[in-house]
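This report walks through the fold, starting with the overall picture and moving on to the sheet, its core, one helix and a few unusual backbone positions. Please keep the sequence and the structure at hand while reading.

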Amino acid sequence: MQTLVEGVHHFRQNVFPSKLRLFKRLAKGQQPIALFITCSDSRVNPNLITHTEPGELFILRNAGNIVPPYGAANGGEEATIEFAVAGLGVEDVIVCGHSHCGAIRGLLQPDAIKGLPAVAAWLSHAEATRRIVARKYERCSLAERLARATEQNVLVQLEHLRTHPSIAAALACGRLRLHGWVYKIETGEVSAYDPDQQAFHPVTTVIPAPPPSPPSSPPSSPPSSPTRIPAASRAKAKLSRAV
Ligand SMILES: [Zn+2]
């Protein structure tokens with residue numbers, strides 16, 4: 001606990017003053033660029049892996065980055081999703097799984113969560129993942145099945161996401177994009193699902209061209225130059241092709 005107390009002190013003394021303008025602005029409200037749904041695992045840090053600041057990601061976390069189908073659970077997921085999409089108007093939703101996920105291991109190896117009845121019950125919302133992997137990858141090694149289950153679970157939870165009225169309505173209006181990601185702890189690599197190729201591929205860094213300058217402005221840098229871009233644009237540029 002001492003680590004956390006010292007961390008708070010460091011934040012107040014060093015970090016907060018350096019970002020004072022940001023926090024003053026955030027005190028007036030939030031306008032996050034995306035809803036980021038991921039696992040509670042302590043090794044996954046959404047802001048770190050997307051290089052975003054406070055105020056840029058609206059984050060929903062639970063064991064296994066699970067989204068129960070609408071009406072299937074009385075948890076906070078429905079409210080969080082509705083608030084982000086219908087209340088704050090986020091335009092992108094990312095479901096991000098990760099390597100070495102304890103929930104995924106528990107899904108494939110029930111003995112790993114023996115004595116954890118709440119976890120077992122929660123994982124029923126990933127039963128489709130378990131069955132897909134059992135049928136489709138039955139001849140694969142455990143390591144391979146865990147990796148495929150992590151990816152499949154992202155896709156299953158994206159399907160559940162579509163059952164939420166706020167998501168369905170925003171998708172129908174063409175103002176929402178869904179993305180499936182997997183973060184690999186040991187390499188830092190983030191892969192995104194490509195619906196055309198039906199496979200996960202590494203997210204590539206894309207630096208967008210700077211916005212066109214008004215006629216009176218001096219010439220802008222060529223699009224290929226490593227121009228510093230606002231954090232929000234940077235994060236949007238990193239979002240993958242929508243599912
Ligand atoms: Zn996990």
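In strand E6 of this predicted model, Phe200 is the bridge partner of Tyr193. That pair belongs to the antiparallel association of strand E5 (residues 190–194) with strand E6 (residues 199–202), which is built over four bridges. Four residues lie between the two strands of this hairpin, and one residue in the hairpin, Gln198, takes a positive phi near 50 degrees.

**Overall picture and confidence**

The protein contains ten helices and six strands, and of its 243 residues 32% are buried. Among the contacts in the protein with a separation of 6 or more, 67% are accounted for by residues 24 or more positions apart. The average pLDDT of the protein is 89, and 85% of the residues score at least 70. Residues 216–236 should be read with this in mind, since pLDDT stays under 50 over that stretch, for which the model has 23 contacts beyond four places in sequence.

**The sheet**

The six strands form an open sheet in the order E2-E1-E3-E4-E5-E6, and the pairing within this sheet is mixed. E2 and E6 are the edge strands, each of them pairing on one side only. Neighbouring strands of the sheet are turned against each other by 30 degrees on average, when direction is ignored.

Strand E3 (residues 92–98) runs parallel to E1, to which it is joined by four bridges, and E3 also runs parallel to strand E4 (residues 177–183), in this case with seven bridges. Six of the seven residues of E3 are buried, so this strand is largely enclosed by the rest of the structure. The following table collects the strand pairs for which the bridges are given here.

| Strand pair | Sense | Bridges |
|---|---|---|
| E1 and E3 | parallel | four bridges |
| E3 and E4 | parallel | seven bridges |
| E5 and E6 | antiparallel | four bridges |

Individual residue pairs can be located along these strands. Ile37 has Val95 as its bridge partner in E3, and Thr38 stands opposite Cys96, likewise in E3. On the E4 side, the bridge partner of His98 is Tyr183.

**The nonpolar core**

Which residues have the most contacts inside the largest nonpolar core? They are Leu35, Ile37 and Val93, in a core that has 48 residues. Helix H8 (residues 142–161) provides the largest share of this core, with seven residues. The surroundings of Ile37 can be spelled out: leaving aside its neighbours within four places in sequence, Ile37 is in contact with Leu60, Asn65, Val67, Val93, Ile94, Val95 and Cys96. Val95 therefore appears twice in the account of Ile37, as a contact and as the bridge partner in E3.

**Helix H4 against the sheet**

Helix H4 (residues 77–87) has Glu77, Ile81, Ala84 and Val85 as its buried residues. These residues cover an arc of only 85 degrees around the axis, which puts them on the same side of H4. The exposed residues Ala79 and Gly87 are carried by the face of H4 that is turned away from its buried side. H4 lies across E1 and E2, and runs at about 170 degrees to E2. What covers the buried residues of the helix includes strand E1 (34–39) and strand E2 (57–62), together with helix H9 (165–172). After H4 comes Gly89, whose phi is positive, near 70 degrees.

**Positive phi in two histidines**

Where do His51 and His100 lie in the chain? His51 is found in the loop between helix H3 (46–50) and E2, whereas His100 is found in the loop between E3 and helix H5 (102–108). For His51, phi is near 50 degrees, which is a positive value in a residue other than glycine. For His100, phi is near 60 degrees, again a positive value in a residue other than glycine. Their burial can be stated for each in turn: His51 counts as exposed because it has 11 C-beta neighbours inside 10 Å, while His100, with 14 other C-beta atoms within 10 Å, is partly exposed.

How values were computed:
Residues numbered from 1 in each chain as written. Predicted model: local features only at pLDDT ≥ 70, side-chain atom pairs only at ≥ 80, totals over all residues. Buried ≥ 20, exposed ≤ 12 C-beta atoms within 10 Å, placed from the backbone. Arc of directions from axis to C-beta. Contact = placed C-beta atoms within 7 Å. Pairing = 2+ DSSP bridges. pLDDT = per-residue confidence, 0-100. Axes fitted to C-alpha atoms, helices over the stretch in contact; angles between N-to-C directions. Core = buried A, V, L, I, M, F, W, Y, C linked by C-beta atoms within 7 Å.
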